[in-house]
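Let's take a relaxed walk around this one. Have a look at the picture first, and then we'll go through it together.

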Amino acid sequence: MSKYLVQLDFISFIKFNSLAFCCANTLFSPFNALFTFQSGGITKAFLVVFLAPFAGLLLGAFFGILAFPLYKFLTARSEFFATLSGQFTEIPDGPIDEPVTDD
């Protein structure tokens, strides 16, 4: 497995942050629904569970916009924060509609 120094651009950082907040908010929505059910009833609790992913996306975008300057500062000065490892796949230029096959 290879390691890479990575600094995401603004749009990629917002996408990644929104996805992370969406997953985290969805994961913790049952706990939020339980507390909402105790104070507001079952209909509000179901609303909390249903709206959790969308609220996570919006919160991720909001906090991503606010945090981007700090992210750029930290990744420019720290190899620890800028180092990523994993599987990276290069996407060819052109239309995305057609599947890429090895013939």
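## Exposed spots and a pocket

F16 is exposed, because its relative accessible area is 54% and exposed means over 50%, with buried under 20% and partly exposed in between (1.4 Å probe, protein chains only). This is a predicted model, where local features need pLDDT of at least 70 and side-chain atom pairs count only at pLDDT 80 or more, while totals for chains, interfaces and linings use all residues. Residues are numbered from 1 along each chain as its sequence is written, and side-chain values use heavy atoms, with hydrogens and water left out.

So where does F16 sit? Its place is in helix α1, residues 10-40; a helix here is a DSSP run of H or I with at least four residues, numbered from the N terminus. Go 60 residues along the chain from F16 and you reach A76, with 18 Å between the two C-alpha atoms.

F16 also helps line the largest pocket, along with V6, L8, F13, Y71, T75, F81, A82 and L84. The elements that each give two or more residues to that lining are α1, α2 (42-77) and α3 (79-82). What counts as a pocket? On a 1 Å grid over the protein atoms alone, a pocket is an open set of points with protein on both sides within 12 Å along at least five of seven lines, and lining residues have an atom within 4 Å of a point. The volume of this one is about 160 Å³. Its lining has 8 nonpolar residues, 1 polar and no charged ones.

Now for some more residues in the two helices α1 and α2, side by side:

| Residue | Helix | Relative accessibility | Class |
|---|---|---|---|
| L19 | α1 | 51% | exposed |
| V49 | α2 | 38% | partly exposed |
| F54 | α2 | 47% | partly exposed |
| L57 | α2 | 38% | partly exposed |

Two of these residues, F54 and L57, turn up again in a nonpolar surface patch, which they make together with L47, F50 and L51. The patch covers about 500 Å². To join such a patch, a residue needs over 30% relative accessible area and no salt bridge, and nonpolar side chains are joined within 5 Å. A salt bridge would be a side-chain nitrogen of Lys or Arg within 4 Å of a carboxyl oxygen of Asp or Glu.

Finally, some distances. L19 and L57 are 38 residues apart along the chain, yet their C-alpha atoms are separated by 6.5 Å. F54 and T26 are 28 residues apart in sequence and 8.9 Å apart in space, C-alpha to C-alpha. For V49 and T89, 40 residues apart along the chain, the C-alpha separation is 34 Å.

Definitions and conventions: 1 Å grid on protein atoms, 1.4 Å probe; cavity = no way out; pocket = protein on both sides within 12 Å on 5 of 7 lines; lining within 4 Å. Points joined across faces, edges and corners; volume = space filled by probe spheres on them. Nonpolar A, V, L, I, M, F, W, Y, C, P; charged D, E, K, R; others polar. Patch = residues over 30% accessible without salt bridge, like charges linked within 9 Å, V, L, I, M, F, W, Y side chains within 5 Å. Areas by Shrake-Rupley, 256 points an atom, 1.4 Å probe, with all protein chains shown as cover.
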